[in-house]
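User: Please take a close look at the open and enclosed space in this model, starting with the pocket. What surrounds it, and what else in the fold is worth describing alongside?

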Amino acid sequence: MRVVTWNLWWRFGPWQERRKAILAVLRELRPDVVGLQEVWADGGENLAEWLAGELGLHWTWAPSPAPAPWQRRLDEPLAATVQIGNAVLSRWPVSDHDVLPLPAPPGLDDGRLALYARLAAPGHEVPFFTVHLTSALHASSVRCRQVTALAGFVARHREGTAFPPVVTGDFNAWPDSDEIRLFGGYRTAPAVPGQVFHDAWEYADPAAPSATWDRANPYVARGGSPSVRVDYVHVAPPGPDRLGRVLGVRRAGDGPVDGVWPSDHAAVVADLAD
């Protein structure tokens with residue numbers, strides 16, 4: 001099973017050209033399931049719906065309950081109508097879904113959320129999640145609260161299948177940060193007792209480039225921040241017969257397509273045993 005997670009940079013930059021580049025990358029990857037963050041919807045058009053239609057996939061999405069802070073950053077005449085949210089694209093039907101608004105204090109609450117989708121894959125259902133945590137550099141403690149809520153959300157939806165839960169998303173956190181250690185639960189006490197997750201990138205080629213927020217990307221370079229991996233595929237320990245074990249992982253969408261960089265983030269691609 002091929003899993004992709006990707007932050008699509010909403011309606012920033014040359015978004016009309018970028019969406020064609022996003023489609024080209026996903027078409028080449030041929031994913032079974034995709035977790036997307038910063039997905040836009042406007043005037044009856046939804047980027048996730050368009051991608052799903054072009055790729056022949058099922059889809060579901062959840063809009064942010066507080067898009068105004070995002071809309072104020074757009075240089076568009078009708079910016080107040082543009083929504084932002086998370087989405088899941090899937091080769092298999094979505095049999096159930098749920099949304100978790102993530103906790104954040106006033107001043108940092110811009111409607112971040114987690115989206116759950118149960119996928120009716122052949123032989124077993126897959127509990128799949130995608131999340132977008134707060135991005136403020138100083139907000140590690142907020143992200144710790146958010147991953148604690150996320151872990152509980154996963155625990156409530158993981159039962160009834162042998163396939164381990166898969167949690168994707170833009171965590172806006174470095175791999176050695178408190179929030180990533182807390183969510184993983186095996187380098188410190190887990191947020192939910194007994195529930196742990198492996199960072200799929202730990203199975204990557206050590207020589208492979210890992211930064212998903214990369215100064216090689218011109219959208220990133222202009223900001224002056226360092227290159228770092230902030231996007232993740234987390235998988236719980238394998239089920240029976242090593243179901244869901246990580247077979248391989250790499251970056252994608254980490255270069256221009258016909259001269260256009262698809263997003264300010266690279267995607268993460270993980271292949272899991274099914």
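**The largest pocket and its surroundings**

Analyst: The lining of the largest pocket is made up of 11 nonpolar, seven polar and eight charged residues. The model is a predicted one, and every value here is computed from it. The space in this pocket comes to about 630 Å³. It is lined by 26 residues, and those closest to its centre are Ser135, Leu137, Asn172, Trp213 and His265. Of these five, Leu137 and Trp213 count as nonpolar, while Ser135, Asn172 and His265 count as polar.

Enclosed space is a separate matter from the open pocket. Three cavities of 30 Å³ or more are present in the structure.

The second largest cavity can be taken up directly after the pocket, since His265 is in its lining and is also one of the residues closest to the pocket centre. This cavity has a volume of about 50 Å³. Besides His265, its lining consists of Thr212, Asp214, Asn217, Arg251, Gly253, Asp254, Trp261, Asp264 and Ala266. The classes are two nonpolar, four polar and four charged residues. The charged ones are Asp214, Arg251, Asp254 and Asp264, and the nonpolar ones are Trp261 and Ala266.

The largest cavity has a volume of about 60 Å³. Its walls are formed by Glu38, Ser64, Trp70, Ile84, Gly85, Asn86, Asp110, Gly111, Arg112, Leu113 and His132. Strand 5, residues 83-90, gives the largest share of this lining, with three residues; these are Ile84, Gly85 and Asn86. By class the lining holds three nonpolar, five polar and three charged residues. Glu38, Asp110 and Arg112 are the charged members, and Trp70, Ile84 and Leu113 the nonpolar ones.

Elsewhere in the chain, a helix pair shows how two elements pack. Helix 1 (residues 15-29) and helix 2 (residues 47-55) have axes that come within 11 Å and cross at roughly 45°. At that angle helix 1 is therefore oblique to helix 2. The crossing of the two helices is right-handed. On the helix 1 side the contact is made by Arg19, Ile22, Leu23, Leu26 and Arg27, and on the helix 2 side by Leu47, Trp50, Leu51, Glu54 and Leu55. This contact contains seven nonpolar, no polar and three charged residues. The charged ones are Arg19 and Arg27 from helix 1 and Glu54 from helix 2. By contrast, polar residues are present in the lining of the largest pocket, of the largest cavity and of the second largest cavity.

Terms used. Residues numbered from 1 in each chain as written. Predicted model: local features only at pLDDT ≥ 70, side-chain atom pairs only at ≥ 80, totals over all residues. Heavy atoms only, no water. 1 Å grid on protein atoms, 1.4 Å probe; cavity = no way out; pocket = protein on both sides within 12 Å on 5 of 7 lines; lining within 4 Å. Points joined across faces, edges and corners; volume = space filled by probe spheres on them. Helix = DSSP H or I, 4+ residues; strand = E, 2+ residues; numbered from the N terminus. Axes fitted to C-alpha atoms, helices over the stretch in contact; angles between N-to-C directions. Parallel < 35°, antiparallel > 145°, perpendicular 65-115°, else oblique. Left-handed = near helix turned anticlockwise from the far one by under 90°. Contact = heavy atoms within 4.5 Å.
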